[in-house]
Each structure stands twice: as structure tokens, then as C-alpha cells.
Amino acid sequence: MPRPTVARIDLEALRRNYRTACQRAGSARVMAVVKADGYGHGISRVASALADLAPKYAVACVEEALAIREAGLAQPVVLLQGVHAETDLTNCAERGFEPVLHSEQQLTWLSGSRNRPRLWLKVNSGMNRLGFHPGELASVMQRLDRAGALATLEGFVTHFACADDVDSPMTARQTEVFEQATAAWPERMRSVGNSAAHFHPGQPLYDWSRPGIMLYGGSPMIGKTGPELGLEPVMSLEAPLISTRMVPAGESVGYGASWVADRDTRMGMVAIGYGDGYPRHAGTNTPAAINGQRIRLIGRVSMDMLAVDLTGAPDAREGDSVELWGRTVGVDEVATCAGTISYELLTGITARVGRHYL
Ligand SMILES: *Cc1c(COP(=O)(O)O)cnc(C)c1O
């Protein structure tokens, strides 16, 4: 029997989160961002579960887009990072992938290519990661025109740096820059919104929004959990309790003997560790749950197991299932304890953990 360390994926919760995104997007259409293996949930299952709702998907790279086609899905797929080689442009054109054009190199490839995909132009509105400067846009458009590529241009995209913080003035500033930069081409579509932008009152989302983390129930906002934003957890990460013991006061548990019992403590070992993608930076007091009761981690996370204090769950027995995150303990809470964000935890679950779909 395989080790019952599993990620249970609630595809109905995913669908409800997608509908929440649609409600928040107003008149914008919603492309489902399923990059990084559907944020760790399994790209083909996630994309298939949204197939009758989502008119478009977005991924980082061609391989991910191909996985969507292999799942038998025909919707257009936006490549947020564009192509990494000229030959990919033909691939995109033939398969209905829509690369984002963000660099000189990509522009040169496109100009020389005969088989042209539908595409998006990335505007750097202040994130300073990728994209053309607003001042360059007119000349880029001229070059696309000369290359005969305007016919396949869907529109403009940009990405926000600080949308997780409603108090930051950066989002409004970037929106303003983007709006002015693209004003000369009002017939083109525009897309700005990651998940966080759906939670800014009054934020325009234009024609297409691009939510990722909120579909999976993770919070895109600083200081708020997914459930506090009306999102449902999609992944429940579970592992069995494989051993329990009393640790006498004064004795330690685990590597480095970093946790020492201040009183006789009933503790248990859980069959999951950083080799499964559970964060090693989650220290003592990180929450978990057993039989619906909240417990806490103690000591250091090992590769294949971790220790919990069972004081709060006196009935817990070997074989019981421990929830590392899910409906009782939010993934955002664990992320905060580990000094990271839910995105990293969800995408970090390794192949050793079976995905079970509800
Ligand atoms: C990943 C990504 C998104 C989705 O971001 P979330 O914060 O997960 O909603 C949207 N747009 C771009 C360009 C991205 O790279």
C-alpha cells in the first residue's frame, strides 16, 4: 500500500473560486492561470475541471501549454513569458498558444517568422521585470505593423508589483502609466489583473483578468487569509501519524535537539517532511490539525517526517491522519510561520506526494 501522505484536491472548490474571480472581475473575462503544474495541483486535472467555465488559460511556458492540449482541451493558452526560441512561434500558431512579446529578441524572431500566432504585447508599467517601456511602444507597434504582425495582436498586458498591499500607491500609478501608454490603440484588448487586483475596490481590470493563486484558495493579500477573502482551500495536505511517545521533561526531539520538553509531553511523528515539499522553515508552533483539533509542530522538520505536540489531541492514535494544511489549518497560516507565501508551499509539493482528486 502506498504511504498515505497525500494532497487531496477539491475540484469543486476550485470551480467555486473561479466563479468568485468572475464575480470580482465584473465585465472582464477571466483567463485561468494554471502555470507551475496548476500551482502544484496538477495542470491537466485543474485545467479540465475548469474547461466549461474558463474561455482561456495562462501558463509560463510552451511545455505547460502542451500539457493542456494533451488533456484534450482546445481553449487558447497565453504564454506569460513568451517564447524561448524562434521555432516555438510556429508551434504557437499551429496550436492556438498566445505568447506575450516582451523583448527585442522576441520581436526580431516574430518579424522573421511566417506562421504567426495571436500575441500580446507586454508593457513595463513599473514592475521592471519584463516588457517594453511606454516610450518604446509606438515604435514597437510600427515594427509589428511593418512585419505584418498587427493583425494577430490581441492586445496589451502589464503586471503589478504591489497589488498584494491595498495601501500601496504603486498599483494606481502603474494603472495610470499603462492606461496612458496604450491609449493610442483603444481597439486593442488590455489585461492587468493578477488575483490581488480583484480585491482592490475600483481597480479597472479591462478586458481580461489573470487570477492564479485565488483559484486555489490561497490569499493574494498581505495580512489576509484565503477564507477571510471568501476563497475556499482546494488542497488538503495530509499525512499519517506513524508513532507516538511520551517525551519526559528536559528531553529533546529531533535534529539539533532544538526543541526541549518543558514538561512531560505526548508527541507524535508524522510521515511528511521537506522531501515532500513541506517547508523546513516551519518551526515549533507552526499549526497542524488532527481529527479536526489544532496541534502544533515541535522541533525541526526532517526530510521524511516531522514531530507534533499531541497535548491538544489526547485521543490521537497511530494511523490517524494529520492535516498539514487544508480546511482546519490554512495554507496561508503555515506560509506565514515558514516566512513565505502560499504560492511557494503549493507549488513546492513534490512528486512523491500522491494527488487524490475529489
Ligand atoms: C503568475 C502570474 C499571474 C497570476 O498571479 P497570481 O498572483 O497567482 O494571481 C498573472 N499574471 C502574470 C503575468 C503572472 O506571471
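## A walk through the model

Start by selecting alanine 7, which stands opposite leucine 237 in strand 11. That match belongs to an antiparallel pairing of strand 1 with strand 11 (residues 235–247), made over four bridges. Strands here are DSSP runs of E with at least two residues, helices are runs of H or I with at least four, and both are numbered from the N terminus; two strands pair if DSSP finds at least two bridges between them.

Before going on, two notes on the ground rules. You are looking at a predicted model, in which local features need pLDDT of at least 70 and side-chain atom pairs count only at pLDDT 80 or more, while totals for chains, interfaces and linings use all residues. Residues are numbered from 1 along each chain as its sequence is written, and side-chain values use heavy atoms, with hydrogens and water left out.

Stay on strand 1 and add strand 19 (residues 354–357): the two run parallel, joined by four bridges to residues 6–9. Within that pair, isoleucine 9 faces tyrosine 357.

Next, bring up the open sheet. Nine strands make it up, in the order 2-10-9-8-7-6-5-4-3, with parallel pairing. Strand 2 (29–30) and strand 3 (32–33) are at the edges with a single partner strand each, so one side of each has no neighbour in the sheet.

Now zoom in on strand 7, residues 119–122. Four bridges tie it in parallel to strand 8 (residues 153–157), where leucine 121 has phenylalanine 156 as its bridge partner. Strand 6 also runs parallel to strand 7, over two bridges, and here leucine 101 is partnered with leucine 121. Show the side chains: Leu119 and Leu121 point one way, Trp120 and Lys122 the other, and all are buried (under 20% relative accessible area with a 1.4 Å probe, protein chains only; exposed is over 50%, partly exposed in between).

Helix 4 comes next, at residues 62–70. Colour Val62, Glu64, Ala65, Ile68 and Arg69, which are buried. Looking down the axis, you'll find the buried residues within an arc of 165°, so they line one face of the helix; the arc is taken from the directions from the helix axis to the C-beta atoms. Glu63 and Glu70, on the other side, are exposed. The buried set packs against several elements, among them helix 5 (87–95) and strand 6 (97–101), with contact meaning heavy atoms within 4.5 Å. Just past the helix, check glycine 72, whose phi is positive at about 85°.

Finish with the empty space. Which residues lie nearest the centre of the largest pocket? Select Tyr39, His159, Asn194, Ile341 and Tyr343, out of 39 that line it. Helix 9 gives the most to this lining, with four residues. The pocket holds about 850 Å³. On a 1 Å grid over the protein atoms alone, a pocket is an open set of points with protein on both sides within 12 Å along at least five of seven lines, a cavity is a set where a 1.4 Å probe fits but cannot get out, and lining residues have an atom within 4 Å of a point. Points are joined across faces, edges and corners, and the volume is the space filled by probe spheres set on them.

Last stop: the largest cavity, with a volume of about 80 Å³. Tyr216, Gly217, Pro233, Gly326 and Val331 lie nearest its centre, among 13 lining residues.
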